[in-house]
Amino acid sequence: KRNLEDLIILIQRLRSKDGCPWDRKQNRHNIKTYLLEEAYEVLEAIDDSSPSRLKEELGDLLFQILFLTEISREAGEFDIYEVISEIEEKMIRRHPHIFGNKKVKGTKEVILNWREIKKKEGKLDDDLPFCKITKNLPALMRAFKITKEASHVGFDWKTWKGAWDKVKEEEEEFLNALMEQDQEKIEKELGDFLFAIVNVSRHAKIDPEEALRKTIVRFTKRFLYIKDRLKLKKIRIEDASLKEMDKLWEEAKQKESK
C-alpha cells in the first residue's frame with residue numbers, strides 16, 4: 001500500500017524541472033479554486049452516502065492540500081510535517097478536558113472552554129467582533145457565523161420567536177421596496193430579509209448554507225424529472241404550460257417521499 005510519503009514524492013516529481021509543465025506553473029492563487037471545488041465535491045459525496053466516492057473525493061482534496069503545502073516548502077516557509085505538528089499541538093491545547101486536568105459537564109462547557117482558549121491564542125477578540133471570521137466564506141455561511149458570534153455576547157433574541165418576528169418585519173420592508181421599484185432599496189431589503197432568515201435558522205440549529213445546498217439538489221432533480229417526462233410526451237419544455245410543469249413537479253415530490 002502507498003502512504004503519505006509516496007504522495008508527497010509524487011507531487012515533488014510533478015513540480016520538478018523534469019516534471020509536468022502545468023503542475024510546475026501552478027501557484028497558491030491558482031490552487032484556491034481547485035481546493036474549494038474539491039471540498040464541495042467531498043460534501044456531495046457525503047450527501048450521496050457513497051463510501052467509494054467519498055474515498056475518491058477525499059483523495060482529491062488531500063492532493064490539493066499537499067500540493068499547496070509543497071509550494072510553501074519550495075518557498076522555504078514550512079512543510080507538511082510542520083503543518084501536522086501545528087494542528088496536533090493545537091488540538092491537544094484546545095482539548096484540556098481530554099489531554100489535561102480540565103473537567104467539563106457537557107458540550108456547552110466544551111464550547112465555552114474552546115472560546116476562552118481561542119481568546120488566549122488571539123483567535124478571538126471581544127473588542128473587535130467578527131474580525132476573525134473569514135471574509136471569503138459564502139455569504140450565508142458568514143452571516144450564520146456573524147450572528148452566532150453576536151449571540152455569544154448577548155446580542156440575540158432568547159427564542160426563535162423573536163427572530164421570526166424580525167423576519168416578518170424584514171419581509172414587509174422588502175415587499176414595500178418591490179412595490180416602489182427602487183432597485184437599490186430592493187437589494188438592501190432583500191439582504192436584510194435573508195440575514196433575518198439566517199438568524200432563524202441558527203435558532204433552529206440548522207446550517208442555512210447546507211439547507212440551501214440540499215434544496216438546490218432537490219430542485220435540480222425535480223426539474224430534470226419534468227424535462228424527462230415532457231420528452232417522453234414529445235413536448236419541448238419551452239412549449240409546456242406552467243400548469244403541466246407544476247403537475248409534474250408534484251409528481252417528482254411524491255416520488256421523493258416514497
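Counting Lys and Arg as positive and Asp and Glu as negative, the chain in this predicted model carries 53 positive and 52 negative charges, and the mean positions of the two sets lie 4 Å apart.

As for the fold, it's helices from one end to the other: the chain has 12 of them and zero strands. Read from the N terminus, the order of elements is simply α-α-α-α-α-α-α-α-α-α-α-α. The radius of gyration comes out at 24 Å, well over the 18 Å that the globule rule gives for 258 residues, so the chain is more spread out than a compact globule. Along the principal axes, the C-alpha trace spans about 60 × 55 × 40 Å.

Of the 258 residues, 24% are buried. The accessible surface adds up to about 19,200 Å², and carbon and sulfur atoms account for 57% of that. Turning to contacts, among those between residues at least 6 apart in sequence, 52% join residues at least 24 apart.

Helix α10 makes a handy case to look at in detail. This helix covers residues 183–203, and its 21 residues should span 30 Å at 1.5 Å a residue; the end C-alpha atoms sit 31 Å apart, which agrees. What is buried along α10? The list runs through Ile186, Glu189, Phe193, Ala196, Val198, Asn199, Val200, Ser201, Arg202 and His203. An α-helix has 3.6 residues a turn, so residues three or four places apart point the same way. In α10, Ile186, Glu189, Phe193 and Ala196 are among the buried residues. As for partners, the buried residues of α10 pack against α8 (139–152), α9 (160–180) and α11 (208–232).

One of those partners, α9, is home to Lys168. With a relative accessible area of 43%, Lys168 is partly exposed, since that label covers values between 20% and 50%. Lys168 is also a long way along the chain from Leu4: the two are 164 residues apart in sequence, and their C-alpha atoms are 53 Å apart in space.

His97 belongs to helix α6, which takes in residues 96–99. Its relative accessible area is 21%, so His97 counts as partly exposed; the cut-off for buried is under 20%. Which residues does His97 touch, leaving aside neighbours within four places in sequence? Contacts are made with Lys102, Val104 and Val110. For His97 and Val110, 13 residues apart in sequence, the C-alpha to C-alpha distance is 8.1 Å.

Two loop residues stand out for their backbone angles. Ser49 has a phi near 50 degrees, a positive value in a residue other than glycine. This serine is found in the loop that links α3 (28–47) to α4 (51–74), and at a relative accessible area of 63% Ser49 is exposed. Lys234 likewise has a positive phi without being a glycine, in this case near 60 degrees. Lys234 sits in the loop between α11 and α12 (242–257). Is Lys234 buried or exposed? At a relative accessible area of 78%, Lys234 is exposed.

Definitions and conventions: Residues numbered from 1 in each chain as written. Predicted model: local features only at pLDDT ≥ 70, side-chain atom pairs only at ≥ 80, totals over all residues. Heavy atoms only, no water. Helix = DSSP H or I, 4+ residues; strand = E, 2+ residues; numbered from the N terminus. Rg over C-alpha atoms; globule rule 2.2 N^0.38 Å. Buried < 20%, exposed > 50% of the residue type's maximum accessible area, 1.4 Å probe, protein only. Contact = heavy atoms within 4.5 Å. Areas by Shrake-Rupley, 256 points an atom, 1.4 Å probe, with all protein chains shown as cover. Charge placed at Lys NZ, Arg CZ, Asp CG, Glu CD. Expected span 1.5 Å × (residues − 1).
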